[in-house]
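Open your viewer, get the selection box ready, and follow along from stop to stop. Each stop says what to select and what you will find there.

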Amino acid sequence: MVRMPPIATSSTLSASVRRRAAPAWLVMLLVCAGQFLVVLDVSVVNVALPAMRSGLGLSELGLQWIVNAYVITFAGFMLLGGRAADIFGRKRIFLVGLALFTIASAAGGVAREPWQLIAARTIQGVGAAVLSPATLTILTTSFPAGPARTRAIATWTAVGAGGGAVGGLVGGVLTEYLSWRWVLLINVPVGALVLAGAALWLTESRQGAARRLDVPGALLVTGGLGLVAYGIVQTETHGWGSASALLPLVAGLVVVAVFVAVEARTKAPLMPLGLFRLRSVSSANAAMVLSGAAMFSMWYFLSLYTQNVLSYTPLQAGLSFIPHSLCIVLGSKTAPRLMHRLGAKTLAVGGAVLSLAGMAWQSTMAVDGTYLGSILGPGVLMALGAGLTATPIAAIATSGADPDDQGLVSGLINTSRQMGGALGLSVLSTVAASRIASGSGRAALASGYGTAFLVGAAVLAGSIALMLLALPRRRSDTAHG
């Protein structure tokens with residue numbers, strides 16, 4: 001059986017540890033299972049939101065924060081998680097993150113008050129932020145540069161993308177046949193099983209640098225992002241010019257500016273600003289922010305459209321997303337071969353154009369929409385394009401980074417995706433709510449959701465323009481990733 005190459009230098013692993021290294025397929029299974037849980041919980045609650053609202057008496061604002069509490073802490077602490085994996089050991093951080101995620105899932109599943117559920121989702125996000133970059137770093141430091149690493153990244157991307165896509169189905173089944181609580185409780189036995197396997201089979205590696213973490217930086221970027229998102233959400237009821245919206249928006253931007261200033265002066269920054277001098281890092285992350293802002297909300301609005309407009313049950317809504325799941329995984333798995341033929345930049349642009357076409361089509365949804373024309377057709381284009389786009393952007397982002405910074409860059413590209421997604425959800429929800437408020441009934445809902453997709457398509461067009469202008473053009477730019 002093929003053995004894994006060492007995931008660290010010989011100075012960091014003893015001979016006995018290397019002899020017990022797990023086979024490649026088992027390491028891949030364990031880290032991808034962890035990533036699957038992380039991404040699944042971004043979307044699994046979407047179908048369950050109506051049941052959560054009635055079960056706990058959540059307000060409209062509270063309902064949105066069931067999603068955003070997870071996504072914002074996920075994005076804000078992922079940089080810290082990536083650096084912690086480099087410094088303290090990838091296996092150790094993987095185990096800590098997964099344990100925290102599993103415990104928070106149990107707490108959310110038994111919550112009796114809205115604040116308890118939101119708090120549990122917040123802690124879940126922290127656990128996910130610690131766990132997710134460790135999963136990718138284990139892969140990028142376990143597989144040699146070239147085709148083997150590209151295939152590993154593609155598998156990781158496909159599993160993560162599939163977790164996001166299949167979340168609607170899992171949430172629908174659990175909500176309809178058990179309870180909304182099981183969309184969180186299901187993580188407990190799965191997390192415990194993966195924890196046991198990781199403790200037994202994963203081998204440890206670390207960067208070996210001084211043990212120092214920029215915790216203030218993590219708190220600043222998370223707080224800034226949370227304030228900006230809160231301000232955007234407030235515009236739904238108070239308007240863009242109100243103090244209730246402007247104060248948190250301005251405060252959030254100030255906190256983000258303070259974060260940048262702190263990072264420029266601290267000896268061990270959470271996000272070394274010098275990384276952004278690398279064209280591959282800066283351009284890929286900027287493109288990921290915009291594409292994440294456009295694509296992340298797809299499942300959220302489709303779940304609302306199918307249940308609130310087309311009157312699907314939670315299970316029917318989940319089943320309707322199965323083709324989306326298959327297409328996004330297909331795109332992710334096909335991407336490495338297409339990258340070899342077309343180049344990473346060409347493939348990233350092509351995938352985004354495909355998603356743009358799907359979003360423009362989806363924006364035409366109506367109150368009398370059909371499954372074929374309003375769900376399946378545009379959904380396949382959006383999902384396939386998303387799968388084709390994610391792998392080359394991730395490969396470009398990690399291509400020029402020093403091996404010691406792989407964990408940080410892995411965390412950064414995921415932070416960009418989630419940060420864009422969190423802000424995009426806030427903006428697009430505001431757009432949808434404004435449109436819905438101008439009418440009444442299911443027709444207004446369909447119009448609001450469609451307008452959200454139209455604005456999302458415009459944002460994605462901006463991402464495509466950025467890719468064309470800024471992403472590295474040579475195939476060799478991704479040779480190291």
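Select P248 to begin: this residue is buried, with a relative accessible area of 10%, where buried means under 20% relative accessible area, exposed means over 50%, and partly exposed is in between (1.4 Å probe, protein chains only). P248 sits in helix 11 (residues 243-265); helices (H or I, at least four residues) and strands (E, at least two) are DSSP runs, numbered from the N terminus. Now add Y230 to the selection: it is 18 residues from P248 along the chain, and the two C-alpha atoms are separated by 6.8 Å.

A note on what you are looking at: this is a predicted model, in which local features need pLDDT of at least 70 and side-chain atom pairs count only at pLDDT 80 or more, while totals for chains, interfaces and linings use all residues. Residues are numbered from 1 along each chain as its sequence is written, and side-chain values use heavy atoms, with hydrogens and water left out.

Next, go to helix 2 (24-43) and pick V39, which lies in that helix. V39 counts as buried at 16% relative accessibility. Which distance separates V39 from G163 in space, C-alpha to C-alpha? Draw the line and you should get 5.5 Å, although these two residues are 124 apart in sequence.

Stay in helix 2 and select D41, then add R121. Their side chains meet in a salt bridge, at 3.4 Å from N to O. A salt bridge here is a side-chain nitrogen of Lys or Arg within 4 Å of a carboxyl oxygen of Asp or Glu, and by this rule the count comes to one. D41 lies in helix 2 and R121 in helix 6 (residues 114-142), so the pair ties together parts that are 80 residues apart in sequence. Are D41 and R121 buried or exposed? Both are buried. As background, side chains of opposite charge can pair when their charged atoms come close.

Now look for empty space. The structure holds three cavities of 30 Å³ or more. On a 1 Å grid over the protein atoms alone, a cavity is a set of points where a 1.4 Å probe fits but cannot get out, and lining residues have an atom within 4 Å of a point. Grid points are joined across faces, edges and corners, and a volume is the space filled by probe spheres set on the points.

Select V42, S43, N46, V67, F296, S297, W299, Y300 and L425 to show the lining of the second largest cavity. Helix 2 and helix 13 (298-309) are the elements that give two or more residues to this lining. The cavity's volume is about 60 Å³. Its lining divides into six nonpolar residues, three polar and no charged; Ala, Val, Leu, Ile, Met, Phe, Trp, Tyr, Cys and Pro count as nonpolar, Asp, Glu, Lys and Arg as charged, and the others, Gly among them, as polar.

From helix 13, step to S311, in the loop between helix 13 and helix 14 (314-320). The phi of S311 is near 60°, a positive value in a residue other than glycine. Most residues other than glycine have a negative phi.

Carry on to S325 in helix 15 (residues 322-342). S325 counts as buried at 10% relative accessibility. Add G168: it is 157 residues from S325 in sequence, and their C-alpha atoms are 9.5 Å apart.

Then pick A287 in helix 12 (residues 279-295), a buried residue with a relative accessible area of 0%. The C-alpha atoms of A287 and R417 are separated by 9.1 Å, with their positions 130 residues apart along the chain.

For the last stop, select helix 17 (residues 371-399). 22 of its 29 residues are buried, so helix 17 is largely enclosed by the rest of the structure.

Notes. On a 1 Å grid over the protein atoms alone, a cavity is a set of points where a 1.4 Å probe fits but cannot get out, and a pocket is an open set with protein on both sides within 12 Å along at least five of seven lines; lining residues have an atom within 4 Å of a point. The expected span of a helix is 1.5 Å times one less than its number of residues.
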